[in-house]
Amino acid sequence: MSTRPLPLTLLIVLLILLGLGGIGGGVAMFVDPSGQSMGLPSGLLDGLPISSFILPGMILVSVMGLAPFMIAWGLWKRLPLAWGAAIVQSIVLILWICFQIFLWGNPIILQIVYLVWGVVILALCFLPGVK
């Protein structure tokens with residue numbers, strides 16, 4: 001069995017953790033569509049065409065939850081499309097957080113963490129041994 005380069009292993013771990021966070025956050029939004037149990041302000045959705053956090057929860061579960069798991073599995077199995085999918089996932093994460101900051105203004109620490117997380121995932125994709 002061949003060993004995986006450290007950057008590839010780190011990329012897989014970061015994708016798995018992203019998936020866990022996406023599923024956890026999305027499920028929390030399903031359980032409490034108001035977002036209050038997550039500490040989200042009640043007026044956060046004012047001016048948007050949605051009235052609950054169900055749709056953002058669905059996006060979190062699918063795009064930030066299940067997709068990173070599938071990409072991590074593909075990287076582990078060294079599937080050809082997984083590298084490109086990891087790049088797309090990182091860009092989607094970065095854009096998702098930038099969209100939130102654009103909508104609501106001053107970022108919170110969690111948004112900064114996920115923004116940096118997306119940049120780190122993107123950078124790891126271009127290190128030797130990952131592609």
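**Exercise 1. Place Gln100 in the predicted model: which residues does Gln100 touch, not counting those up to four places away in sequence?**

Step 1. Set aside residues up to four places away; Gln100 then touches Gly105 and Gln111.

Step 2. Find the element. Gln100 lies in helix H3, residues 82–104.

Step 3. Assign the exposure. The relative accessible area of Gln100 is 15%. Buried means under 20%. Gln100 is therefore buried.

**Exercise 2. Describe how H3 packs on helix H4: at roughly what angle do the axes cross, and why is the pair roughly antiparallel?**

Step 1. Take the axes. Those of H3 and H4 (residues 109–125) come within 9 Å. They cross at roughly 155 degrees.

Step 2. Apply the cut-off. Angles over 145 degrees count as roughly antiparallel. H3 and H4 are therefore roughly antiparallel to each other.

Step 3. Add the hand. H3 passes H4 in a left-handed crossing.

Step 4. List contributors. On the H3 side they include Trp83, Ala86, Leu93, Gln100 and Trp104. On the H4 side, Gln111, Tyr114, Trp117, Gly118 and Ile121 are among them.

Step 5. Sort by class. The contact of H3 with H4 has 17 nonpolar residues, four polar and no charged.

**Exercise 3. Analyse the largest nonpolar core: how many residues does it have, and which helix gives the most?**

Step 1. Count. The largest nonpolar core has 27 residues.

Step 2. Pick out the residues with the most contacts inside the core. They are Leu11, Leu15, Leu75, Ala86, Leu93, Trp117 and Ile121.

Step 3. Map the core to elements. Helix H1 (6–31), helix H2 (54–76), H3 and H4 each give two or more residues.

Step 4. Rank. H1 gives the most, with seven residues.

Step 5. Follow one residue. Leaving aside neighbours within four places in sequence, Leu93 is in contact with Leu18, Met64, Tyr114, Trp117 and Gly118.

**Exercise 4. Characterise the packing of H1 with H4: how many nonpolar, polar and charged residues does the contact have?**

Step 1. Start with geometry. H1 and H4 pack at about 145 degrees, and their axes are 10 Å apart. The crossing is left-handed.

Step 2. Name the residues. H1 supplies Pro7, Leu10, Leu11, Leu14, Leu15, Leu17, Leu18 and Gly21. H4 supplies Tyr114, Trp117, Val120, Ile121, Leu124 and Cys125.

Step 3. Sort by class. The contact of H1 with H4 has 13 nonpolar residues, one polar and no charged.

Conventions. Residues are numbered from 1 along each chain as its sequence is written. This is a predicted model: local features need pLDDT of at least 70, side-chain atom pairs count only at pLDDT 80 or more; totals for chains, interfaces and linings use all residues. Side-chain values use heavy atoms; hydrogens and water are left out. Helices (H or I, at least four residues) and strands (E, at least two) are DSSP runs, numbered from the N terminus. Buried means under 20% relative accessible area, exposed over 50%, partly exposed in between (1.4 Å probe, protein chains only). Contact means heavy atoms within 4.5 Å. Axes are lines fitted to C-alpha atoms, for helices over the stretch in contact, and angles run from 0 to 180 degrees between N-to-C directions. Angles under 35 degrees count as roughly parallel, over 145 as roughly antiparallel, 65 to 115 as roughly perpendicular and the rest as oblique. A crossing is left-handed if the near helix is turned anticlockwise from the far one by less than a right angle, and right-handed if clockwise. Ala, Val, Leu, Ile, Met, Phe, Trp, Tyr, Cys and Pro count as nonpolar, Asp, Glu, Lys and Arg as charged, and the others, Gly among them, as polar. A nonpolar core is a set of buried Ala, Val, Leu, Ile, Met, Phe, Trp, Tyr and Cys residues joined through side-chain atoms within 4.5 Å.
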